[in-house]
Amino acid sequence: METVVRIRAARWADKDPVAELIADALHPSPLAAWLVPDLERRRQVLTDVVAVWVEHALFFGDIHLTDDLAAAIVGFHRYRPIPPPANYRHQLTEAAGAHADRFDLLESVLSAKQPTEPHYHLAFLAVRPDVQRAGRGAALLAHHRSRLDHIDLPSWAAVPPGGERLLARYGYMPRPPITVPDGPTLQPMRHNAHRSSAMPVNPSRLVDNRWQDFHA
């Protein structure tokens, strides 16, 4: 019997659980080890830095998650350049401490490769490690693709090696890899704009609290 995955838009109260979820999913990766070599502090630093961007996405993007809080997708609406998070330098220093320079370097490397045209930036797709490969990530990407089909914007993401296979199933195509100086390689992916035949939808109305069912 297939598991039904229910997806909803995140609320303000979800921001801390979403940040913890993303940090847990990111923690075992080479990218996380490069960002925070200190294993004892890694999880907390990742959680605190991600929390800054999760909060920012609630103002300048959208977050959708499964109702069991086991998976989430976070993105930004870059119709035009968006400002950094409020008091970002202070927030990053407080969150990352001595590791802040590495987060700065990662951000600058990704920004240099990001599209300059209006686009949707898929920043995070995270599934709790103990429930991975159970269909939650696929359900979130199916939901994400249906929303992209209603807006005339391309989408862009940069994922660790191996993550491109799942994105490719939902219309993303690989771009030239990005190697962080003295760090890991990331795979940029692009989803070209595709206007659906349905009635156009105002992007500001795409974030709501309606529940939608998907099968894993």
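Tutor: Let's start with a rule: a salt bridge here is a side-chain nitrogen of Lys or Arg within 4 Å of a carboxyl oxygen of Asp or Glu. Keep in mind that this is a predicted model.

Student: Okay, how many salt bridges does a search of the whole structure find?

Tutor: The search turns up nine. Try the rule on R128 and D130: their side chains meet with N to O at 2.6 Å, and the cut-off is 4 Å, so the pair counts. R128 is partly exposed at 30% relative accessibility, while D130, at 58%, is exposed. There's also a network, in which K15, D16 and E55 are joined by salt bridges that share partners.

Student: Which parts of the chain does the salt bridge of D68 and R136 tie together?

Tutor: First the contact itself: the closest N and O atoms of D68 and R136 are 2.9 Å apart. D68 sits in the loop between β2 (61-66) and β3, and R136 in helix α6 (residues 136-148), so the bridge ties together parts 68 residues apart in sequence. R136 is buried, with a relative accessible area of 16%, whereas D68 is partly exposed at 36%.

Student: And what is the N to O distance for R43 and D24?

Tutor: That salt bridge comes in at 2.5 Å. It links helix α3, which holds R43, with helix α1 (residues 15-26), which holds D24, and the two residues are 19 apart. Each partner is partly exposed: R43 has a relative accessible area of 37% and D24 one of 27%.

Student: Moving on to rings. How many aromatic pairs does the count come to?

Tutor: Three. For geometry, read the angle between the planes: over 60 degrees counts as edge-to-face. W53 and F76 have ring centres 6.1 Å apart and planes at 90 degrees, so they are edge-to-face. With W53 in helix α3 (residues 39-60) and F76 in strand β3 (residues 71-78), the pair ties together parts 23 residues apart in sequence. Both of these residues are buried.

Student: Which aromatic pair does W53 form with Y88, and what is its geometry?

Tutor: Edge-to-face again, at 5.3 Å centre to centre with 65 degrees between the planes. Y88 is in helix α4 (residues 88-96) and W53 in helix α3, so this pair ties together parts 35 residues apart in sequence. W53 and Y88 are both buried. Put the rings together and you get one aromatic cluster of W53, F76 and Y88.

Student: What about backbone oddities?

Tutor: Look at the sign of phi. Most residues other than glycine have a negative phi. N87 goes the other way, with phi near 50 degrees, and lies in the loop between β3 and α4. D182 also has a positive phi, about 60 degrees, and belongs to the loop between β7 (178-179) and β8 (185-191).

Student: Are N87 and D182 buried or exposed?

Tutor: N87 counts as exposed at 62% relative accessibility. D182 is exposed too, at 82%.

Student: Last one, pockets. What volume does the largest pocket have?

Tutor: About 1700 Å³. Its lining has 50 residues, and the closest to the centre are F124, L125, A158, V159 and P160. To read the chemistry, sort the lining by type: 34 nonpolar, 10 polar and six charged. By element, strand β4 (residues 119-127) gives the largest share, seven residues.

Notes: Residues are numbered from 1 along each chain as its sequence is written. This is a predicted model: local features need pLDDT of at least 70, side-chain atom pairs count only at pLDDT 80 or more; totals for chains, interfaces and linings use all residues. Side-chain values use heavy atoms; hydrogens and water are left out. On a 1 Å grid over the protein atoms alone, a cavity is a set of points where a 1.4 Å probe fits but cannot get out, and a pocket is an open set with protein on both sides within 12 Å along at least five of seven lines; lining residues have an atom within 4 Å of a point. Grid points are joined across faces, edges and corners, and a volume is the space filled by probe spheres set on the points. Helices (H or I, at least four residues) and strands (E, at least two) are DSSP runs, numbered from the N terminus. Ala, Val, Leu, Ile, Met, Phe, Trp, Tyr, Cys and Pro count as nonpolar, Asp, Glu, Lys and Arg as charged, and the others, Gly among them, as polar. Rings of Phe, Tyr and Trp (its six-membered ring) pair if their centres lie within 6.5 Å; planes under 30 degrees apart count as stacked, over 60 as edge-to-face and the rest as tilted. Buried means under 20% relative accessible area, exposed over 50%, partly exposed in between (1.4 Å probe, protein chains only).
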